[in-house]
Amino acid sequence: MGCVHIYCGDGKGKTSASLGLALRAAGRGKKVLMVRFLKTEDSGEVSALRHVPGIEVEPCGREFGFVSQMSPGQKAEAAAWYQGYFEKACEKVREGGYDVLILDEIMAACNYGMVREADVASFLERRPENLEVAMTGRGPSKRLLTLADYVSEIQMVKHPFTRGVAAREGVEY
């Protein structure tokens, strides 16, 4: 039986937690697909994961920038693209025999209207029986929380960003 994991909260480490699951699964011969939303390809974990047998990182393919800085037309274009990206990932999982699916920053994609939350919920309800799904991001809805088997909230107690320290290569990305 596959379970649904949510890693949420305002603290650093939600994606890192999902990567721990991916590495553990790959280390046991399982097939993992990671799909990243609202992020660039310029992240250290992407480079490293592409060298791990059993883990596949779906290329994002497009960058749209910060949703808060998009015009209404850009938001509509990005939403159409991300919705299609999500649907493609779901189809790939159904056809590809994956054991683990990571939907990184799917909460933000839903909260910003880039991916329809109803479609995410529907996928979770109809996913392959043994598929483990990990979802990351802030502010999961009550519906997604209800569908989850594990919910881990990562709380920020202290972070250099509050002192004006920019994201650092190899640490935050």
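**Cores, strands and salt bridges in a predicted model**

The largest nonpolar core of this predicted model has 36 residues, and F37, I106 and M135 are those with the most contacts inside it. Strand 1, strand 2, helix 3, strand 4, helix 4, helix 5 and strand 5 each give two or more residues to this core. Helix 3 gives the most, with 8 residues. Nonpolar side chains in soluble globular proteins tend to be buried together.

F37 shows what such a position looks like in detail. With neighbours within four places in sequence left aside, F37 is in contact with Y82, Y85, F86, L103, D104, E105, I106, A109 and V115. A second, separate core has 15 residues, including Y7, V32, I102 and A134.

V32 leads to strand 2. This strand is mostly covered, with 5 of its 5 residues buried. In a regular strand, side chains alternate between the two faces of the sheet. In strand 2 both faces are covered: V32, M34 and R36 are buried on one side, and L33 and V35 are buried on the other.

Strand 2 has pairing partners in strand 3 and strand 4. With strand 3 the pairing is parallel and runs over 4 bridges, and V35 has E58 of strand 3 as its bridge partner. Strand 2 and strand 4 also run parallel, joined by 5 bridges; here V32 stands opposite V100 of strand 4. Strand 2, helix 2 and strand 3 together make a right-handed β-α-β unit.

Helix 5, residues 117–126, is one of the elements that contribute to the largest core. Its residues V120, A121, F123 and L124 are buried. These four lie on the same side of helix 5, because they cover an arc of only 160° around the axis. An α-helix has 3.6 residues a turn, so residues three or four places apart point the same way. The buried residues of helix 5 pack against strand 1 (4–8), helix 3 (72–96), strand 4 (100–104), helix 4 (106–111), strand 5 (132–136) and helix 6 (142–147).

The charged side chains are the next topic. Side chains of opposite charge can pair when their charged atoms come close. A search of the whole structure finds 10 salt bridges. In one of them, the side chains of R36 and E45 meet at 3.5 Å, N to O; both R36 and E45 are buried.

Another salt bridge joins the side chains of D104 and K39 at 2.7 Å, N to O. This pair links distant parts of the chain: D104 is in strand 4, K39 is in the loop between strand 2 (32–36) and helix 2 (44–49), and the two are 65 residues apart. Are D104 and K39 buried or partly exposed? D104 counts as buried because its relative accessibility is 0%, under the 20% limit. K39 has 21% relative accessibility and therefore counts as partly exposed.

A third example is the salt bridge between the side chains of K92 and E56, at 2.4 Å, N to O. Here too distant parts of the chain are linked, with K92 in helix 3 and E56 in strand 3 (residues 55–58), 36 residues apart. K92 counts as partly exposed at 24% relative accessibility, and E56 counts as partly exposed at 26%. Salt bridges that share partners join E56, E58, K88 and K92 into one network. E58 in this network is the bridge partner of V35.

Terms used
Residues are numbered from 1 along each chain as its sequence is written. This is a predicted model: local features need pLDDT of at least 70, side-chain atom pairs count only at pLDDT 80 or more; totals for chains, interfaces and linings use all residues. Side-chain values use heavy atoms; hydrogens and water are left out. Buried means under 20% relative accessible area, exposed over 50%, partly exposed in between (1.4 Å probe, protein chains only). The arc is that of the directions from the helix axis to the C-beta atoms. Contact means heavy atoms within 4.5 Å. A salt bridge is a side-chain nitrogen of Lys or Arg within 4 Å of a carboxyl oxygen of Asp or Glu. Two strands pair if DSSP finds at least two bridges between them. A crossover is right-handed if, with the strands pointing away from the viewer, the path from the first strand over the helix to the second runs clockwise. A nonpolar core is a set of buried Ala, Val, Leu, Ile, Met, Phe, Trp, Tyr and Cys residues joined through side-chain atoms within 4.5 Å.
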